[in-house]
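Let's take a walk through this one together, beginning at the ligand and working outwards. Have the model open and turn it as you read.

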Amino acid sequence: MAFGLQVNPAMSSSLSNPAPANPAPCNPAIDVRYVLTHDAGDDEYARLLPQLNPDDRARAARFLLLKDRIAFAAGRILVRRLLSQHAPEPASGWQLTQNAFGKPALAPHPGLPDLRFNVSHTKGVVAAALTFGREIGIDVESLDHPVDFLEIARSQFSFVEVELLESLAKQNQRDAFFALWTLKEAWTKARGAGLSIPLSDFAFTLDPLGICFSPQLAEDPHAWFFLRDRISPTLQLAIAAHRRPHERLTCSKHEVPLTDLF
Ligand SMILES: CC(C)(COP(=O)(O)OP(=O)(O)OC[C@H]1O[C@@H](n2cnc3c(N)ncnc32)[C@H](O)[C@@H]1OP(=O)(O)O)[C@@H](O)C(=O)NCCC(=O)NCCS
């Protein structure tokens with residue numbers, strides 16, 4: 001927990017409830033849902049497919065690997081269901097668009113709240129974060145990833161972060177690397193430009209959790225909330241969300257059973 005974010009304990013949550021009749025348009029809250037997909041295979045994919053619109057079905061079919069098709073399909077369905085929990089529009093009714101860097105967003109829906117969302121997937125999990133009227137980014141990574149993390153940090157992170165990692169005992173470096181990586185990716189996704197922003201142009205501290213920016217980015221560190229959390233012992237999660245002065249965001253995190261998406 002950091003910068004005033006409160007995290008509710010993970011619990012199973014259904015996405016089949018209808019949207020509240022009067023959704024709060026400016027509730028400074030972040031709703032995070034995730035689906036575990038470890039056990040999903042051909043049968044589960046076949047049950048996800050009918051929930052996709054024709055464009056997304058065609059896009060899903062272009063992925064070579066079944067796990068990537070499942071991740072994309074589950075992410076799209078999860079987002080649509082989540083949007084429909086916060087505004088009175090059926091899941092199939094939302095029009096999505098994307099920015100020049102590929103960040104999906106809602107097309108303008110006059111009369112409905114300004115809902116913003118972001119999606120992330122990695123081995124065995126798909127996660128989505130939704131909020132109102134502010135930029136948001138989410139990243140999930142598996143700590144099992146067989147990567148030379150110090151090498152990646154030295155070539156891509158800021159020198160402050162490399163120093164932080166090198167100062168830690170060996171057994172703590174992997175966890176710290178993935179905490180930094182997910183925070184960094186979540187922030188670039190909140191900004192909407194993804195990894196086109198050089199990862200060495202900003203630096204996180206982990207204890208306390210905080211960020212500083214190079215002058216080129218012209219960003220105010222106080223204008224951002226961050227959350228660093230785990231979905232399971234091997235799945236790291238990070239959220240970045242824009243924050244107005246003196247605002248306190250709350251964040252809830254719920255697991256959604258894969259079968260809820262069928
Ligand atoms: C955004 C990015 C970091 C995601 O990397 P990844 O390894 O696929 O990571 P994740 O699983 O966490 O995120 C994937 C999801 O992020 C979302 N996303 C895509 N581009 C995004 C962006 N620019 N900003 C925020 N979110 C983005 C999508 O929902 C995507 O899932 P989907 O394709 O299934 O809908 C990477 O794709 C990137 O840096 N893109 C921008 C690079 C660029 O300059 N593109 C220009 C040409 S379009």
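Start with the ligand in this predicted model. There are 19 residues around it, and the ones that come nearest are Phe101, Lys103, Ser120, Gly194 and Leu195. Which elements give two or more residues to that shell? They are α3 (66–86), β6 (115–122), β8 (136–142) and α6 (170–191). Of these, β6 gives the most, with four residues. As for chemistry, the shell around the ligand divides into nine polar, six nonpolar and four charged residues.

Two of those shell elements, β8 and α6, also take us to the next stop. Follow β8 and you'll find yourself in an open sheet of three strands, ordered β8-β12-β11, with antiparallel pairing. Here β8 and β11 (224–232) are the edge strands, each pairing on one side only. Ignoring direction, neighbouring strands in this sheet are turned by 15 degrees against each other on average.

Zoom in on the pairing between β8 and β12. Strand β12 covers residues 235–242, and seven bridges join β12 to β8, the two running antiparallel. If you want a spot to fix your eye on, take Val140, which stands opposite Leu237 in β12. Now bring α6 back into view: this helix packs on the sheet and touches β8, β11 and β12. The direction of α6 makes about 150 degrees with that of β8. So there's a neat link back to where we began, as both β8 and α6 also give residues to the shell around the ligand.

Time to step back and look at the whole chain. In all, the chain has six helices and 13 strands. It is 262 residues long, and 38% of those residues count as buried. What share of the contacts with a separation of 6 or more comes from residues 24 or more positions apart? That share is 65% in this chain.

Finally, how far can you lean on the picture? The pLDDT averages 91 over the chain, and 89% of the residues score at least 70. Over residues 1–12, though, the pLDDT is below 50, and this stretch has 32 contacts in the model beyond near neighbours in sequence. Residues 17–27 also have a pLDDT below 50, with 14 contacts in the model beyond near neighbours in sequence. Where pLDDT is low, don't read the predicted coordinates in detail.

Conventions:
Residues are numbered from 1 along each chain as its sequence is written. This is a predicted model: local features need pLDDT of at least 70, side-chain atom pairs count only at pLDDT 80 or more; totals for chains, interfaces and linings use all residues. A residue is near a molecule or strand if its C-beta atom, placed from the backbone, lies within 6 Å of it. Ala, Val, Leu, Ile, Met, Phe, Trp, Tyr, Cys and Pro count as nonpolar, Asp, Glu, Lys and Arg as charged, and the others, Gly among them, as polar. pLDDT is the predictor's confidence in each residue, from 0 to 100. Two residues are in contact if their C-beta atoms, placed from the backbone, lie within 7 Å. A residue is buried if 20 or more other C-beta atoms lie within 10 Å of its own, exposed if 12 or fewer, and partly exposed in between; C-beta atoms are placed from the backbone. Two strands pair if DSSP finds at least two bridges between them. Axes are lines fitted to C-alpha atoms, for helices over the stretch in contact, and angles run from 0 to 180 degrees between N-to-C directions.
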